[in-house]
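Welcome to this short tour of a protein and its ligand. Please take a look at the sequence and the structure, and then read on.

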Amino acid sequence: MYSVQTRIFTLDPQNPDPAVIVQAAERLHADGLVAFPTETVYGLGANAFSAVAVGRIFEVKKRPFYDPVIVHLSDISQIEQVARDIPSLAYELAQAYWPGPLTLVLKKGPQVAPNVSAGLDTVAVRMPNHRIPLALVETSGLPVAAPSANLFTRPSPTSARHVLEDLNGHVDIILDGGDCPIGLESTILDLTASPPTVLRHGGLDLDLLRERIPHLQIARRYVQTDEGLPMSAPGMLAKHYSPKAPLLLFTAQTDAALTRLRDLASALAGRGFKVGVMTTMEDARHFSDLNLEIADLGSAADLPQIGRRLFAQMRRLDSLRVDVILVRAPAQEGLGLTIWDRLFRAAEGKVFDLDKPLEAEEIISLLVKKEE
Ligand code: TXA
Ligand code: MG
């Protein structure tokens, strides 16, 4: 295992100290690992041209070798260093949404280390909207391969503390630029597919993409719900973005349905489970008289805030060692689709409808089985 003394530098996210950036750039040139904030989540960076450096990312994250990594750029013209046969749509989208939470999958250029792409002939690229990685890429002169800086299966890190929790002793430098302003990963768009296909919901609203790509397709792991909304299809996803405790996801159209969730929480607590509830400010009053760990997501009307808090609250409930986490899903519109996707994966595709009577005993026996 790649082991080093981890150093942390606190930087002004608007105006990072160039001397620190130079040190971090030197580590990249020496095949080291540098974690940095982006507008989405913290990334674990390595020189995208070095298979040795990229191999270390997989090793320390315990990431399966078949899961490819996103390459970070500081300038649109850098696309040509990492990709080939670049369609004009790529430049159009980059002009419109870079720097920002949009990752484009393109044909891979020969210089990019093969393990970046997990052996595929494509490469995913984006230009983050954050001064720290932009300065790091520019100063090093290297495209920087970086997945989220968490251990595989753990929630993505949205603060330097989360990175330290997962990777202390296995990353050379952590650049601490405070909390990530979006808190959810980038939207991934495959431009090698025809029509262009969204592979992952993320920080960029799909409606913005639809304005430019009328036939935009959503990857098959998302299916249409009755309301015609895309939703992740169960059975096609690995456990991902997960807290350690099982997370149970609930949908509810009516407020009355929430009393069912309250009764379930109460029944679970009565059986000796330490129960965590991730809830909006508006729903919180339903749970206030119970003995639970409440994780406040903010107002239901403020989806960006829910996005910013989501992963941090999963980690907080884990650190409180809850046995189970209950969450009511947000409305599936705009950023709500991305929040839904992350919760759905954390719940491993199990969703309970609170508008119907709940089989509390069934749910309890599910959890008891898990504990055994
Ligand atoms: O916001 C983000 O995208 C963050 C920050 C650090 O930039 N990065 C991130 O990386 O979320 P990661 O490794 O956690 O997710 C990368 C995902 C892979 O799991 C895969 O689904 C997709 O990007 N990906 C990468 N390269 C690809 C390729 N060549 N073809 C298809 N999908 C690819
Ligand atoms: Mg990740």
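## Around Ser-186

The side chains of Ser-186 and Thr-103 are joined by a polar contact of 2.7 Å. Keep in mind that this is a predicted model. Ser-186 sits in the loop between β9 (173–176) and β10 (187–190). Is Ser-186 buried or exposed? With a relative accessible area of 2%, Ser-186 is buried, because buried means under 20%. Not counting residues up to four places away in sequence, Ser-186 touches several residues, including Thr-40, Ile-70, Arg-126, Arg-200 and Arg-342.

## The ligand and its shell

Ser-186 also leads us to ligand 1. The ligand is surrounded by 23 residues, and the closest are Thr-40, Arg-63, Asp-67, His-72 and Ser-186. The table lists side chains with a polar atom close to an oxygen atom of the ligand.

| Side chain | Partner | Distance |
|---|---|---|
| Thr-40 | oxygen atom of ligand 1 | 2.7 Å |
| Arg-63 | oxygen atom of ligand 1 | 2.8 Å |
| Arg-200 | oxygen atom of ligand 1 | 2.9 Å |

On its own, ligand 1 has 680 Å² of accessible area, and the protein covers 89% of that. Which elements give two or more residues to the shell? They are β4 (70–72), β7 (122–126) and β11 (197–200). Of the elements, β7 gives the most, with 4 residues. By kind, the shell around ligand 1 divides into 12 nonpolar, 6 polar and 5 charged residues.

## The nonpolar cores

Let us now turn to the cores. In soluble globular proteins, nonpolar side chains tend to be buried together. Here the largest nonpolar core has 53 residues, of which Leu-93, Trp-98, Leu-104, Leu-189 and Leu-209 touch the most other members. Among the elements that give two or more residues to this core are α2 (51–61), α4 (88–97), β6 (102–108) and β7, and β7 also gives 4 residues to the shell around ligand 1. Trp-98 is in contact with Leu-93, Leu-104 and Val-125, among others, leaving aside its neighbours within four places in sequence. Apart from this core lies another one of 23 residues, among them Leu-297, Val-322, Val-327 and Ala-346.

## One more buried residue

Finally, meet Thr-158, found in the loop between β8 (144–145) and α6. Thr-158 is buried too, with a relative accessible area of 5%. Leaving aside its neighbours within four places in sequence, the contacts of Thr-158 include Val-41, Tyr-42, Asp-179, Cys-180, Arg-308 and Phe-311.

Conventions. Residues numbered from 1 in each chain as written. Chains lettered and ligands numbered in written order. Predicted model: local features only at pLDDT ≥ 70, side-chain atom pairs only at ≥ 80, totals over all residues. Heavy atoms only, no water. Near = heavy atom within 4 Å. Polar contact = N/O pair within 3.5 Å; in protein donor to acceptor, adjacent residues only side chain to side chain. Areas by Shrake-Rupley, 256 points an atom, 1.4 Å probe, with all protein chains shown as cover. Nonpolar A, V, L, I, M, F, W, Y, C, P; charged D, E, K, R; others polar. Core = buried A, V, L, I, M, F, W, Y, C linked by side-chain atoms within 4.5 Å. Buried < 20%, exposed > 50% of the residue type's maximum accessible area, 1.4 Å probe, protein only. Contact = heavy atoms within 4.5 Å.
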